[in-house]
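This report describes selected features of one protein structure. It moves from a single residue to a pair of packed helices and then to the nonpolar core.

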Amino acid sequence: MIDLSITKDPEWIKKREELWKPISKMLSEDLRKKDLDKVHHYFMTGTLLPGEAMSDGAKFSWFPIQAPDAWDYLFQYVIKDPKEFQHRFYFSFEDISHRALNPDEELAMWDYFAGEKFKPVVTSKVPLGETKEFVSLEIDKRNVNSKFGLFFKNWAGGFVVSNEPKHIHRIHYWLDMLETVANEVFVEKGSDGDPSSKLGFSISLAFQRVCRPEYATQAPLSEESISIRKRFFAELRGKLDNLEMPPEMKATWENTKSKGIIE
């Protein structure tokens with residue numbers, strides 16, 4: 001079981017209520033007041049009132065403690081559907097800073113599911129759901145790559161506000177994954193010269209966003225924020241130059257660079 005005594009601490013309650021304000025505003029667009037009150041109660045206590053029900057995803061997202069021992073507890077005793085492990089694995093790559101998680105908790109969640117280095121198969125740390133069995137997941141590389149590609153776009157564009165989002169601290173996860181992609185993924189090309197396979201095209205698009213970031217197109221950014229982003233992308237291009245790529249991926253990377261780089 002898990003110790004929820006922190007939910008009785010007055011100072012913790014005060015801070016937690018502050019975290020709830022923007023979440024309440026976000027959820028109120030889709031939830032009735034009765035359902036919003038239910039989420040608020042769970043968000044503050046980690047419990048549901050008699051007769052109440054909540055989706056597995058909501059039980060995970062709004063649990064008052066967000067740490068590895070809490071996630072073990074949720075998967076082992078609260079969440080019923082083992083498929084929630086797969087959903088949460090990919091969800092951990094998204095920007096979830098608006099869900100009452102601080103930067104350390106976001107990184108901890110990333111590491112809980114994926115780890116710092118790419119592994120083609122991950123296994124749950126505890127037996128899951130009603131079946132009480134460990135679950136192994138073969139990683140969908142296109143899904144993961146798409147998460148990184150979207151991050152490159154949204155961080156450069158200003159949609160992701162933080163100057164130190166979790167992705168820049170785990171960029172080697174993406175680079176490790178690229179080294180495992182088969183050469184065949186890039187062999188067949190479309191009429192535009194980009195790889196025609198879904199994974200190859202996704203990686204090609206990510207390369208384009210690394211070479212030609214579009215700064216402050218989604219929201220205003222300060223000069224300092226743009227400078228931080230420019231430095232990151234420049235360093236990432238250098239890492240890609242030195243990465244052990246299969247020949248056809250290397251050709252795709254070089255072709256992307258030849259079309260121009262935005263410093």
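## Local environment and helix packing

In this predicted model, Leu 19 is located in helix H1, which spans residues 10-27. Leu 19 is partly exposed, its relative accessible area being 37%. When residues up to four places away in sequence are not counted, Leu 19 touches Phe 43 and Ala 100. Asn 163 is 144 residues from Leu 19 in sequence, and their C-alpha atoms are 21 Å apart in space.

A second region of interest is the packing of two helices, H9 and H11. The angle between them is about 25 degrees, and their axes are 12 Å apart. Because angles under 35 degrees count as roughly parallel, H9 and H11 are roughly parallel to each other. The crossing in which H9 passes H11 is right-handed. The residues of this contact comprise 7 nonpolar, 1 polar and 1 charged.

The table lists the two helices with their contacting residues.

| Helix | Span | Residues in the contact |
|---|---|---|
| H9 | residues 171-178 | Ile 171, His 172, Trp 174, Leu 175, Leu 178 |
| H11 | residues 223-241 | Phe 232, Leu 236, Lys 239, Leu 240 |

The largest nonpolar core contains 76 residues. Within this core, Phe 89, Phe 152, Trp 174, Leu 178 and Leu 240 touch the most other members. Trp 174, Leu 178 and Leu 240 also take part in the contact of H9 with H11. Not counting residues up to four places away in sequence, Trp 174 touches Asn 145, Phe 148, Phe 152, Ala 206, Phe 207, Val 210, Leu 236 and Leu 240.

Note on methods. Residues are numbered from 1 along each chain as its sequence is written. This is a predicted model: local features need pLDDT of at least 70, side-chain atom pairs count only at pLDDT 80 or more; totals for chains, interfaces and linings use all residues. Side-chain values use heavy atoms; hydrogens and water are left out. Helices (H or I, at least four residues) and strands (E, at least two) are DSSP runs, numbered from the N terminus. Buried means under 20% relative accessible area, exposed over 50%, partly exposed in between (1.4 Å probe, protein chains only). Contact means heavy atoms within 4.5 Å. Axes are lines fitted to C-alpha atoms, for helices over the stretch in contact, and angles run from 0 to 180 degrees between N-to-C directions. Angles under 35 degrees count as roughly parallel, over 145 as roughly antiparallel, 65 to 115 as roughly perpendicular and the rest as oblique. A crossing is left-handed if the near helix is turned anticlockwise from the far one by less than a right angle, and right-handed if clockwise. Ala, Val, Leu, Ile, Met, Phe, Trp, Tyr, Cys and Pro count as nonpolar, Asp, Glu, Lys and Arg as charged, and the others, Gly among them, as polar. A nonpolar core is a set of buried Ala, Val, Leu, Ile, Met, Phe, Trp, Tyr and Cys residues joined through side-chain atoms within 4.5 Å.
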